[in-house]
Amino acid sequence: MLLGEIADVKTGLVLSRKKAEVPFDIKAKYNLLSLKNITEDGVIQTGSYDQFESNDILDDYYFTSKGDVLIRLSQPNMAVYIDDDRSGLLIPSYFAVIKIHQPDFLPQYVAWYLNSEEVKKELERFQSGSRIPSMNQNVLRSLPIAKLPFDKQKTLVELWKLHLKEKHLYRQLLAGKEQLFKGITRDLMNGL
């Protein structure tokens, strides 16, 4: 199957069209999902979002909702799954939004699949542009997607979540070891 057969694919808002240029032109402020909010593992960091000051009240069409899958249109092409905690964020045009309408596919599975090495290599072939290579919605729509039984999709998603937790714990351990090393070497140098 092709991604376009199981999902609707669209791009986010071109921000320059709705950006308020002067303070009295501001009609609304929105939390904006930006590239800095996405980790290399395909997770949205919820620390802080940029504020977008709009000259108009924007349609729900431009905001994340539970079950969406977003993919960055430029390299690295990272896909993220939107859960309840990350719904309501303004989506800029450098992301494509994938809304799964086929009940045989878990959105989390689609996000995992889009982050797989095989798919990333396939997407690299379709990058265009001289300064910042990117792809378009048609490339995503024509991307083949493996249809697995629902229980295998669930298993893959759970395994992926466990893998991400493990990577996070390893990073925390490494940061702690780095601090310990710095403290010991500082104490040794001060003791001379």
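In this predicted model, helix 2 (residues 107–114) lies across strand 4 (69–72), strand 5 and strand 6. The helix runs at about 160° to strand 5.

The strands beneath this description belong to an open sheet. Four strands, in the order 1-6-4-5, make up this sheet, and their pairing is antiparallel. Strand 1 (7–11) and strand 5 (79–81) stand at the edges. Each has a single partner strand, so one side of each is left without a neighbour in the sheet. On average, neighbouring strands of the sheet are turned by 20° against each other, direction ignored. Strands of a sheet pair through backbone hydrogen bonds, either parallel or antiparallel.

Strand 6 (residues 95–100) pairs with strand 1 in the antiparallel sense, over 5 bridges. Individual partners can be named. D8 has K99 of strand 6 as its bridge partner. V9 is bridged to I98, also in strand 6. Strand 4 pairs with strand 6 as well, again in the antiparallel sense, here over 4 bridges. In strand 6, V97 stands opposite L70. Strand 6 is mostly covered, with 5 of its 6 residues buried.

The surface shows a further feature. L180, I184 and L188 form a nonpolar patch there. Together these residues have about 300 Å² of accessible area. I184 is found in helix 5 (residues 150–190). The relative accessibility of I184 is 44%, so I184 counts as partly exposed; that class lies between buried, under 20%, and exposed, over 50%.

Technical notes:
Residues are numbered from 1 along each chain as its sequence is written. This is a predicted model: local features need pLDDT of at least 70, side-chain atom pairs count only at pLDDT 80 or more; totals for chains, interfaces and linings use all residues. Side-chain values use heavy atoms; hydrogens and water are left out. Two strands pair if DSSP finds at least two bridges between them. Helices (H or I, at least four residues) and strands (E, at least two) are DSSP runs, numbered from the N terminus. Axes are lines fitted to C-alpha atoms, for helices over the stretch in contact, and angles run from 0 to 180 degrees between N-to-C directions. Contact means heavy atoms within 4.5 Å. Patches are made of residues with over 30% relative accessible area and no salt bridge: like charges are joined within 9 Å, nonpolar side chains (Val, Leu, Ile, Met, Phe, Trp, Tyr) within 5 Å. Accessible areas come from the Shrake-Rupley method with a 1.4 Å probe; for residues, only the protein chains shown count as cover. A salt bridge is a side-chain nitrogen of Lys or Arg within 4 Å of a carboxyl oxygen of Asp or Glu. Buried means under 20% relative accessible area, exposed over 50%, partly exposed in between (1.4 Å probe, protein chains only).
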